[in-house]
Amino acid sequence: MKKITVNTAKSLLLGLFSVALVGCSSDDSTDNPNPGGGDGGPVSNASKLDLNQFRQQGVGVMMQAFYWNVEPKGGWYDLINSKIDDWSATGVNRIWLPAPGKGQSGFSSMGYDPSDYFDVGEFDQHNTIETRFGSRTELENLIAKAHSSNVQVVADIVMGHNSGGGKQENPFRPGDTEVYTLFNKENGNASDKFNRDYNHFHPNDIHSSDGFEDNLFFAKTDVCLEQKYVQDWLWGRDDSVAEFYKNTLGFDGWRFDYVKSFDPKWVKAWNDKVGGFSVGENFDGNAQVLKDWVDASGSPAFDFACFYKLDETLDRNKDLTALGGANNMLRKIYPDKAVTFTANHDTEKDTNTDNNISFGNKMIAYAYILTHDGYPTLFYNDYENTNFKDNLKNLVLIHNSIAIGNVEILKANKDEYIMKRSGEGDNPGLIFYINISNQTKQSSVRSNWPEKKLVDYADNSTKTLTADANGQVTIETPAKSFTIWSIGKE
């Protein structure tokens, strides 16, 4: 979930960046009818190595398995169930599902208006038994299917605010009668677990706020996580929400929604108690803000700084220089704590015309996150788009195999960005080259592959190149495209 109070960090860094550049760069004429070289088709499979031999143990990508206002209502879990085999074969090792509890909007709820955390599609309230996504049985079947395919399942956790309770007088809000903080069996909490009243929201007998009041969705139902009763029911008790999701339903991890609205220590407390994979949604383009949150919570975070830098360089400014900046993304600071992405349910809403990466640059952005360090996320609508699916399958294979080793930026200027992964042992690594100009670009770089033949595993150039005895080689990329070079068959 997004609130429009974020620092998007859109402006380019001032000044010039020092880049590790070897050799030179040149342009080919736009008169060349086939800027990729060769016959315009992909590199022959006879020239490529089988990347499956380099698959890294335990490496994969996460799939955001929903979009805003998914259809069909009531059938979403079954639909995702049918896709698990394909996603697992592609290299997906986790799927992220929407918040499973019953929301105030009932059958229309996307889960971000939580009313009853324990009703995951089995109680008749808010005019429905099933959630928008299906029944409890269908959810459990989906989780079991994912586990049988070695895919973990991540639940969206919304613990900063609630919706859908009954009206009650709050003595800490004198004169305000529009307060809906009563959650019991008759008022939005049919499971009769984790019943709540005004004491469990702000203001209350502990304090008027917890210091995060500038970033609230629903001030009148802002959950007070300082209350021991709230902590116990969310994660502390043996029959808490967290324990129910993990030990009864079978979830393996957590995506914490809109963490700007509460102290990061509560994410740490949840994770310390129940464990599992974790990622926080800190909707901020400032890499330092993300770093500070990771330090305080101990949890990985979505790399909004990386997302916004890709949006800035590819779409807004059409200048790749900022990709060479130091520490301007979470993945550059904490690669093991950065969950990278190019789209999500918020950025791809129909009403969002500002914070997204354009259709024409989507594959370049995906190629960036799937060749660099960090843990990449695929967005359901992108992967299931026939324009993207085959390319994404190939990029995931590249990520899960030869995207390994230290990251070294070789060039970052207006039109070009070149990055090298060093490889590891027998794994050769790769060289990634973006070109956003209107003509083919070439650049001489120092590879790690002396006297080896090189091919483009992204299938955007048909050239077969040969590095010299020092590893020097002139690589190329067609206009408005990218290439991923590594060794081919001898």
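User: How is a pocket defined, and how is its volume obtained?

Analyst: On a 1 Å grid over the protein atoms alone, a pocket is an open set of points with protein on both sides within 12 Å along at least five of seven lines, whereas a cavity is a set where a 1.4 Å probe fits but cannot get out; lining residues have an atom within 4 Å of a point. Grid points are joined across faces, edges and corners, and the volume is the space filled by probe spheres set on the points. The model is predicted: local features need pLDDT of at least 70 and side-chain atom pairs count only at pLDDT 80 or more, while totals for chains, interfaces and linings use all residues. Residues are numbered from 1 along each chain as its sequence is written, and side-chain values use heavy atoms, with hydrogens and water left out.

User: What volume does the largest pocket have, and which residues lie nearest its centre?

Analyst: The largest pocket holds about 330 Å³ of space. Its lining has 19 residues, and Pro335, Asp336, Gly374, Tyr375 and His399 lie nearest the centre. Two or more lining residues come from each of β3 (92-97) and β10 (338-340); strands are DSSP runs of E with at least two residues, helices are runs of H or I with at least four, and both are numbered from the N terminus. The lining comprises eight nonpolar, seven polar and four charged residues, where Ala, Val, Leu, Ile, Met, Phe, Trp, Tyr, Cys and Pro count as nonpolar, Asp, Glu, Lys and Arg as charged, and the others, Gly among them, as polar.

User: How many cavities of 30 Å³ or more are there, and what lines the largest cavity?

Analyst: Rolling a probe the size of a water molecule over the atoms shows where empty space is left. Here there are three cavities of 30 Å³ or more. The largest cavity has about 80 Å³ of space and 14 lining residues, with Ala99, Gly101, Tyr117, Asp156 and Tyr245 nearest its centre. At least two lining residues each come from β5 (114-116), β6 (152-157) and α5 (241-249).

User: How do helices α10 and α12 cross?

Analyst: Two packed helices are described by the angle between their axes and the distance between the axes. The axes of α10 (residues 362-371) and α12 (residues 389-401) come within 9 Å and cross at roughly 15 degrees. α10 is therefore roughly parallel to α12, a term for angles under 35 degrees. Axes are lines fitted to C-alpha atoms, for helices over the stretch in contact, with angles from 0 to 180 degrees between N-to-C directions.

Terms used: Parallel < 35°, antiparallel > 145°, perpendicular 65-115°, else oblique.
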